[in-house]
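Below are my comments on the model, set out as numbered points. Please read them with the sequence and coordinates open.

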Amino acid sequence: MTSQVSSPAEQADGALVGEQRASGDGGGGKEVRRLDRVIIRFAGDSGDGMQLTGDRFTSETASFGNDLSTLPNFPAEIRAPAGTLPGVSSFQLHFADHDILTPGDAPNVLVAMNPAALKANLADVPRGAEIIVNTDEFTKRPMAKVGYATSPLEDGSLSAYNVHPVPLTTLTIEALKEFGLSRKEAERSKNMFALGLLSWMYHRPTEGTEKFLRSKFAKKPEIAEANVTAFRAGWNFGETTEDFAVSYEVAPATKAFPTGTYRNISGNLALSYGLVAASQQADLPLYLGSYPITPASDILHELSKHKNFGVRTFQAEDEIAGIGAALGAAFGGALAVTTTSGPGVALKSETIGLAVSLELPLLIVDIQRGGPSTGLPTKTEQADLLQAMFGRNGEAPVPIVAPQTPADCFDAALDAARIALTYRTPVFLLSDGYLANGSEPWRIPDVDELPDLRVQFASGTNHQLADGTEVFWPYKRDEQTLARPWAVPGTPGLEHRIGGIEKQDGTGNISYDPANHDFMVRTRQAKIDGIDVPDVEVDDPAGEDGKGAGTLVLGWGSTYGPITAAVRRVRGAGERIAQAHLRHLNPFPRNLGDVLRRYDKVIVPEMNLGQLATLLRAKYLVDARSHTQVSGMPFKAEQLAEVFKEAIND
Amino acid sequence: MTETISEGSSQIEALSLVPKADAKQSMKDFKSDQEVRWCPGCGDYAVLAAVQGFMPELGLAKENIVFVSGIGCSSRFPYYMNTYGMHSIHGRAPAIATGLASSRRDLSVWVVTGDGDALSIGGNHLIHALRRNVNLKILLFNNRIYGLTKGQYSPTSEVGKITKSTPMGSLDAPFNPVSLAIGAEASFVARTVDSDRKHLTSVLREAAAHPGTALVEIYQNCNIFNDGAFEALKDKERAQEAVIRLEHGQPIRFGAPAADGLGSKGVVRDPATGDLKVIDVASEGAADVLVHDAHNPSPTTAFALSRLADPDTLHHTPIGVLRNVDRPVYDTLMSDQLDTAIEQKGKGDLAALLAGNDTWTVVG
Ligand SMILES: Cc1ncc(C[n+]2csc(CCOP(=O)(O)OP(=O)(O)O)c2C)c(N)n1
Ligand code: SF4
Ligand SMILES: [Mg+2]
């Protein structure tokens, strides 16, 4: 959530644990303290169910009414070797009683299900934080596997932390002994035990999880009950054990949320819903041509569930066929989409060029991941910007839209559809792994508020020849938008042929005429340059007293959260800094040049080696300063804040 | 797009969803105003004329017919048809046409492709279209050469082919497109020749009537870069021995007429190997000659027939419909799933979808 923040102190995202406020005894014998925000990280083996645990905690937290932001982080292998560092999977959740922007820099609580999880995550945990470890796994072999010569639980290396040693496995097996499950089966519920314990610690509602478990294992009621029992046992363990003397309350973030009905949503889900909504609002059937690839596959999966919305999903033989089928459907009058990640975009390039030449609406959804080549399939990056911008032969401009938060993927999808349909052009929607898998509360929009995307198919002739004959010209353009008519097969009298060979202006007939080609190249460019996009808004509170900030930070896409959190910190520390964030990267908003020139310094943080900065320098001749990170992980607000402060003061 | 169903007006199942023309059509109706730009004498002209001449017979609304092609000389075809058309990119026409056909069942979708287009760069899309059985009619213009790029050898060129890119002769064994298609689970596979308009038309007729993907290989002469490639099948005298004309339900006989008026050669199954072989009917009798069964669910005999031809001399080349079997059609199945989903869940309700079932409310 981004609105209604009360005081600078509360705005500071990711401040230290020391801000925890005690509120005395909350009854039940144990102390209850009030916190304004908490960052929890669940970490374990890929097979330990950490993503599910994180998802459940998130759901409970969402329904409780906190603001939240999540960061799942998992290896590309489905089951990396058990107990190894590469096999560690984690889920970080930041929740608060106020408006927050990121999954947080450093966890206040780490749940480590095994030595590998402890070792892989400890560096991120600040001193004084709480660490809950599954002591059952701290035996010789698992520790040796990750290079612990002595037990970190006993050798004093964790003395700076508040460690809770809990035999999670033993306790779970003990709790489930009535069920007659094998040791292995019973052990599997230890993540639910951990979830129960954390749910007690943070006063989370529990009905949702119990309901979830019963429906997930509806076909195996025995397993469902075992999981519910483990979950409750974890809760009771917290309540009765002396080691856990304190529990915490984080009040609902009532002020952070405008009135409305909310749900928690991930980026890929929001994007999928945006596509379905666009199809409904355009009154056109949705057609998805796609080939599975991480982290985009979830959109294919999600849309495949919604055939009752008239959604057709086609799992093609490769990325080229995926976009080819989508383009064919677009010719037939569908709202056509192809979903992929960077390597898939590379394969689709030639067809995107064809779509530019055919001037048909088409959405190309790129959920960016670490590159080059296969790169880091499950990690995030923003390094496909220049590929989207220029990755085709010839002059082949394509509009680019980038969502900035998980929930924003919904609006961005609608906006991309608007541009594609209005201007009859392929459009890139550039999300990334961080947005795709991360989640946040979303105010569910009223369907009546959604934009009207209906289009007019061509239905008759549109041109009169010199001899008075009425004809249909497939490349006669709308004067305002420069869009050509969309005449779909089945419309009598408008039979026409289109193709990738250069065509004559107006008639669309093959033409190799030099002047015509020059004209057509410029016209296609002018059409994209002329796309109506809103001005970029600058947040510069210091500007109100006439002085203004001297430094502007400009970002795009998923860096919105960390940048905004960092900007709040900088302002909290009394500095002046202006912030703007781009949704439209092609064309840029019309006021962007003026905005850039208004500031002495422009800093551009990106998860690539400076791709937006390159575009800004080329187009506006400004000295945009790049700050880059390509670790596969999102920026941390604290580090960005330091970078901004340095820039302001140098 | 709503699917217009012209009820009962069609005898042809594959085209039952495609609206009919209001008035009788002629060949002229299917000629576009574009100047045809193939080399004089190119076999593509004959195929174009045959297709334009055949279309009125279908009696479909012209606006519901779409030709999609890739890149190559043959792929210019859509520009010359006065229907909807798309000249796309090299090799991708089957994929594009799949999207169109599977989203618009009221269209009759045709793919025009070359041997390079379909079998080199687009080989993957071709085999997957065939296995899916999308409602497409694929016309594969096989001139055993890359025409448009000026005469390099193609994946159907005979081994040892001397071209600009293979001055010492090509090294790679060619595809037999018919064998390939049968191996790719094609439900309809036929072969015909550009110069035999009657035969070509009869094959088009059967292809058009077939529900699902129909692959029609058309031997096409490129008189500039591979002239006479199919002469063995065209020269009257040599053709008698070289061409095996397949007709469903008829004995597979060819060659100079025997006493019974049918060909003096016949195709029989070799009991020793199970393979097919050619016999002389006069000496060995006609009793064991196979009767062609294009509708045989097993592809074995059709495949064996496709292997009779010598890839170098084209001796014993079967033409006609090798295989024509019923198999569920992809676009129909896809559409049925949409109907089933609506039956089971009701028509999609956007507000309900967006809300999901785990919400909370914030009051101001
Ligand atoms: C991506 C791409 N690669 C290469 C080409 C060049 N090219 C155009 S047509 C062709 C071969 C055409 O051969 P074929 O499909 O047999 O058609 P024909 O010209 O013989 O009818 C090639 C290699 C191209 N247009 N696009
Ligand atoms: S090069 Fe060959 S195939 Fe191409 S148009 Fe000329 S004759 Fe026909
Ligand atoms: Mg060829």
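1. Over residues 71–218 of chain B, the chain is 32% helix and 20% strand, and the C-alpha atoms at the two ends are 17 Å apart. UniProt lists this range, in an unreviewed entry, as "domain: Thiamine pyrophosphate enzyme TPP-binding". The coordinates are those of a predicted model, and the points below should be read accordingly.

2. Ligand 1 lies between chains A and B. Its shell holds 17 residues, and the closest are B:Cys73, B:Ser74, B:Asp115, B:Gly116 and B:Asp117. Helix H3 of chain B (residues 115–121) gives the largest share of that shell, with four residues. By class, the shell around ligand 1 consists of six nonpolar, eight polar and three charged residues.

3. Several backbone atoms approach oxygen atoms of ligand 1. A backbone N or O atom of B:Asp117 is 2.6 Å from one such oxygen. For B:Cys73, a polar backbone atom is 2.7 Å from an oxygen atom of the ligand, and for B:Ile145 the corresponding distance is 3.1 Å. On its own, ligand 1 has 590 Å² of accessible area, of which the protein covers 76%.

4. Which protein atoms are donors to the magnesium ion (ligand 3)? They are OD of B:Asp115, OD1 of B:Asn143 and O of B:Ile145, at 2.0 to 2.2 Å from the ion. The spacing of these donor residues in sequence is D-x27-N-x1-I. Distant parts of the chain are linked here: B:Asp115 sits in helix H3 of chain B, while B:Ile145 is 30 residues away, in the loop between strand E4 (136–142) and helix H5 (177–183) of chain B. Both B:Asp115 and B:Ile145 are buried.

5. Some residues recur across these sites. B:Asp115 is among the closest residues to ligand 1 and is also a donor to the magnesium ion. B:Ile145 has a polar backbone atom 3.1 Å from an oxygen atom of ligand 1 and gives its O atom to the magnesium site.

6. The residues around ligand 2 are B:Trp38, B:Cys39, B:Cys42, B:Cys73, B:Asn143, B:Gln220, B:Cys222, B:Asn223, B:Ile224 and B:Phe225. Seven of the shell residues are nonpolar and three are polar, with no charged residue. B:Cys73 is in this list and is also one of the closest residues to ligand 1. B:Asn143 is likewise in the ligand 2 list, besides being a magnesium donor through OD1.

7. Is helix H2 of chain B (residues 93–103) buried or exposed? Since 11 of its 11 residues are buried, the helix is largely enclosed by the rest of the structure. Among the buried residues are B:Ala93, B:Ile96, B:Gly99, B:Leu100 and B:Ser103.

8. In chain A, UniProt places "domain: Pyruvate/ketoisovalerate oxidoreductase catalytic" at residues 47–234, again from an unreviewed entry. That stretch of chain A is 41% helix and 16% strand, and its end C-alpha atoms are 20 Å apart.

9. Two cis peptide bonds in chain A deserve a look. One joins A:Thr294 and A:Pro295, with omega about 0°; A:Pro295 is in the loop between strand E11 (286–290) and helix H11 (297–304) of chain A. Another joins A:Gly371 and A:Pro372, also with omega about 0°. A:Pro372 is placed in the loop between strand E14 (362–368) and helix H14 (385–390) of chain A.

10. Positive phi values in residues other than glycine should be checked too. Phi of A:Arg424 is near 55°, and the residue is in the loop between helix H15 (408–423) and strand E16 (426–432) of chain A. A:Arg424 has a relative accessible area of 10%, so it counts as buried. Phi of A:Leu621 is near 50°. A:Leu621 is in the loop between helix H20 (611–620) and strand E25 (624–628) of chain A, and its relative accessibility of 76% makes it exposed.

11. A:Phe331 belongs to helix H12 (residues 319–331) of chain A. The residue is buried, with a relative accessible area of 2%. A:Phe331 and A:Ala355 are 24 residues apart in sequence, and their C-alpha atoms are 9.9 Å apart in space.

Key:
Residues numbered from 1 in each chain as written. Chains lettered and ligands numbered in written order. Predicted model: local features only at pLDDT ≥ 70, side-chain atom pairs only at ≥ 80, totals over all residues. Heavy atoms only, no water. Near = heavy atom within 4 Å. Polar contact = N/O pair within 3.5 Å; in protein donor to acceptor, adjacent residues only side chain to side chain. Areas by Shrake-Rupley, 256 points an atom, 1.4 Å probe, with all protein chains shown as cover. Nonpolar A, V, L, I, M, F, W, Y, C, P; charged D, E, K, R; others polar. UniProt positions renumbered as here; feature names shortened; annotations may be inferred. Donors = N, O, S within 2.8 Å, 3.2 Å for Na, K, Ca; no water. Buried < 20%, exposed > 50% of the residue type's maximum accessible area, 1.4 Å probe, protein only.
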